[in-house]
Amino acid sequence: MLKSDFTYDVIVVGAGHAGCEAAHAAAKMGAQTCLITMDMDKIAQMSCNPAIGGIAKGQIVREVDALGGLMGVVADKTAIQFKMLNRSKGPAMWSPRAQCDRMAYSATMRQSLENTENLQIWQDEVVELLVENDKILGIRTLWGHTFEAKAVIITAGTFLNGLMHVGRKQVAGGRAGDSASTFLSNSAREIGLKSARMKTGTPVRIDKRSVNLHLMQKDEGEATSNRFSFITEGRQLPQLPCWTCSTNAAVHAVLRNGLADSPLYNGQIRSIGPRYCPSIETKIVTFAERDAHPLFLEPEGTNTNEMYLNGFSSSLPLETQINALRKIPCFEHVRIYRPGYAIEYDFFDPTQLRHSLETKQIEGLFLAGQVNGTTGYEEAAGQGLMAGINATLRCKGEKPFVLRRDEAYIGVLIDDLVTKGVDEPYRMFTSRAEFRILLRQDNADVRLTPYAMQYGLADAHRTSVFTAKKKATEELIRCCKEVSIRPEKAAPLLEALNSSPLQGSCKASELLARPGVTLTSLLEISPALKRFADNISERKEEILEAAEVEIKYAGYIHRERLQAEKMQRLEEIRIRGHFDYASIHQLSTEARQKLAAINPETLGQASRIPGVSPSDISVLLILCGR
């Protein structure tokens with residue numbers, strides 16, 4: 001029996017984006033929760049870019065919000081520039097992104113957590129996982145305190161044996177200014193978890209006062225009412241511009257001369273880095289034929305001169321970074337707050353996890369965030385939220401909550417991790433989702449808020465807003481299907497769009513299906529539609545957009561739903577524990593090895609394992625029939 005100072009249902013280790021969502025979700029669901037962090041002043045610290053969202057990532061933020069999470073609300077409260085990316089493409093690709101005030105984001109998240117019922121925050125370092133008979137019992141901290149829990153969630157980010165690099169200089173740390181966690185990773189390995197090393201990096205931070213901004217291109221945000229959260233109203237902080245420029249041949253020459261001292265090329269760093277967010281030295285080597293690469297100078301907040309130079313991630317020596325920057329006219333006299341650096345850290349093979357994010361080896365132990373081999377605040381937040389929900393459900397003796405691939409990007413993310421594993425830091429893209437027309441950013445609440453209501457994550461306000469919006473959207477769609485528009489009313493609009501004229505009256509929904517026709521433009525020519533729209537009192541722009549997308553892309557949406565239903569049949573065939581794969585010689589050798597290693601829950605999951613062919617699935621399907 002452990003002698004414990006504190007006893008909880010759920011303990012969350014690490015207060016980054018994954019940890020904050022995990023702790024908040026568990027506490028909201030009624031679990032007595034303790035969030036343990038090495039520094040309470042750096043809760044939800046944006047260690048890299050102070051931005052939330054982006055391509056595919058923005059969809060995850062909206063999903064986190066729809067499930068009652070914090071990231072979208074906090075991002076809206078602290079946003080200093082907002083954009084909807086990919087507007088020129090179809091709605092499946094639209095992705096919200098916001099530049100945020102770094103310090104305000106962290107402070108707002110901490111305030112939210114400190115005012116969450118059932119949640120205590122404890123400042124300490126976890127050094128040992130307490131396990132007995134392959135079951136988690138709790139943790140022990142650096143100061144010798146023992147905490148008991150029914151479930152523990154590790155969300156330690158890049159802190160596990162973190163090692164930072166600037167040129168040939170190496171310093172242990174989880175990020176600049178913070179020490180590494182050197183004991184927890186060893187404890188996890190001692191209880192049987194497999195780990196490896198990954199690498200990521202961050203750019204130089206620049207003093208705005210030293211930049212010739214007039215030599216850069218100004219990049220303003222959007223003036224629309226778009227936001228991340230389905231329940232927030234407006235933006236509270238001043239909206240600030242970003243600036244853009246490019247590297248040049250002279251910059252690249254300086255960088256090449258410094259490659260001998262680059263940890264990436266002198267053998268100092270051996271771990272895997274993110275392919276889709278390469279360092280500037282990797283860019284000049286990989287794309288040697290290019291004379292320029294774009295750079296984006298982004299504000300860190302409303303009350304600071306610190307700027308983030310997106311596109312210039314580097315671990316080259318300090319002198320090389322500064323000398324290269326000064327070859328760009330706008331940075332001729334640049335001063336910096338600190339250089340860019342690379343960081344190596346331990347992560348755990350995510351194929352050791354179930355879809356609930358509970359480890360297969362240790363009952364009650366969950367992993368979420370960068371410790372699973374992902375990169376990005378958004379991917380971490382999505383995992384943290386799901387780990388918090390499932391840890392609480394486990395404490396209650398209830399079955400896990402698992403999102404399907406056709407239900408959420410979060411479902412795609414987790415299924416990819418536990419089924420395929422990672423050989424580089426995992427980053428979400430829209431191309432990873434086979435049902436991305438179903439997984440749009442505009443309908444995340446329709447897809448997921450009912451789950452939030454089911455699990456107690458949606459308060460009365462969120463429930464009310466969701467119910468009203470859903471009703472208004474459905475009624476607007478019905479109105480578009482019932483209202484007719486005469487040819488003479490539509491003529492000016494269609495002529496302006498070079499679209500063929502109507503031969504007779506048609507329903508508004510049919511007209512909306514034409515390229516270039518928008519619901520807003522139809523309000524101008526249909527008094528009936530305009531009267532209905534004028535009666536929408538809240539979130540009007542959002543409702544109009546949701547209704548338009550559902551009508552305009554109805555055929556594509558229906559087709560994807562049919563495909564998702566077909567896939568779901570394989571997901572309903574459970575195979576874990578039913579086969580000794582090594583003895584099934586009809587399977588390919590690779591399939592036997594991969595199936596034995598992953599031990600998939602369902603036939604659907606088995607079909608997504610790299611190396612398992614359709615013929616292998618056919619064999620299993622026949623054996624299931626027997």
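## A tour of one helix pair and one sheet

Helices H11 and H12 cross in a left-handed manner. The model on screen is predicted.

**Stop 1: the helix pair.** Select residues 444-454 for H11 and residues 460-482 for H12. Their axes come within 11 Å, and the crossing angle is roughly 145 degrees. Now show the side chains at the contact: on H11, pick Asp445, Val446, Thr449, Pro450 and Met453. On H12, the contact residues are Thr463, Phe466 and Lys469. Colour this set by class, and the contact shows 4 nonpolar, 2 polar and 2 charged residues.

**Stop 2: the sheet.** Move to the open sheet of 3 strands, where the pairing is antiparallel and the order is S3-S5-S4. Which strands stand at the edges? Select 51-53 for S3 and 79-85 for S4: these are the edge strands. Each has a single partner strand, so one side of each has no neighbour in the sheet. From one strand to the next, the twist averages 15 degrees.

**Stop 3: the S4-S5 pairing.** Add residues 95-100, which form S5. How many bridges join S4 to S5? There are 6, and the two strands run antiparallel. To look at one bridge, select phenylalanine 82 and its partner in S5, alanine 98.

**Stop 4: the helix on the sheet.** Keep the sheet displayed and select residues 71-78, helix H3. This helix packs on the sheet and touches S3, S4 and S5. Compare directions with S4: the direction of H3 makes about 115 degrees with that of the strand.

Technical notes
Residues numbered from 1 in each chain as written. Predicted model: local features only at pLDDT ≥ 70, side-chain atom pairs only at ≥ 80, totals over all residues. Heavy atoms only, no water. Axes fitted to C-alpha atoms, helices over the stretch in contact; angles between N-to-C directions. Helix = DSSP H or I, 4+ residues; strand = E, 2+ residues; numbered from the N terminus. Left-handed = near helix turned anticlockwise from the far one by under 90°. Contact = heavy atoms within 4.5 Å. Nonpolar A, V, L, I, M, F, W, Y, C, P; charged D, E, K, R; others polar. Pairing = 2+ DSSP bridges.
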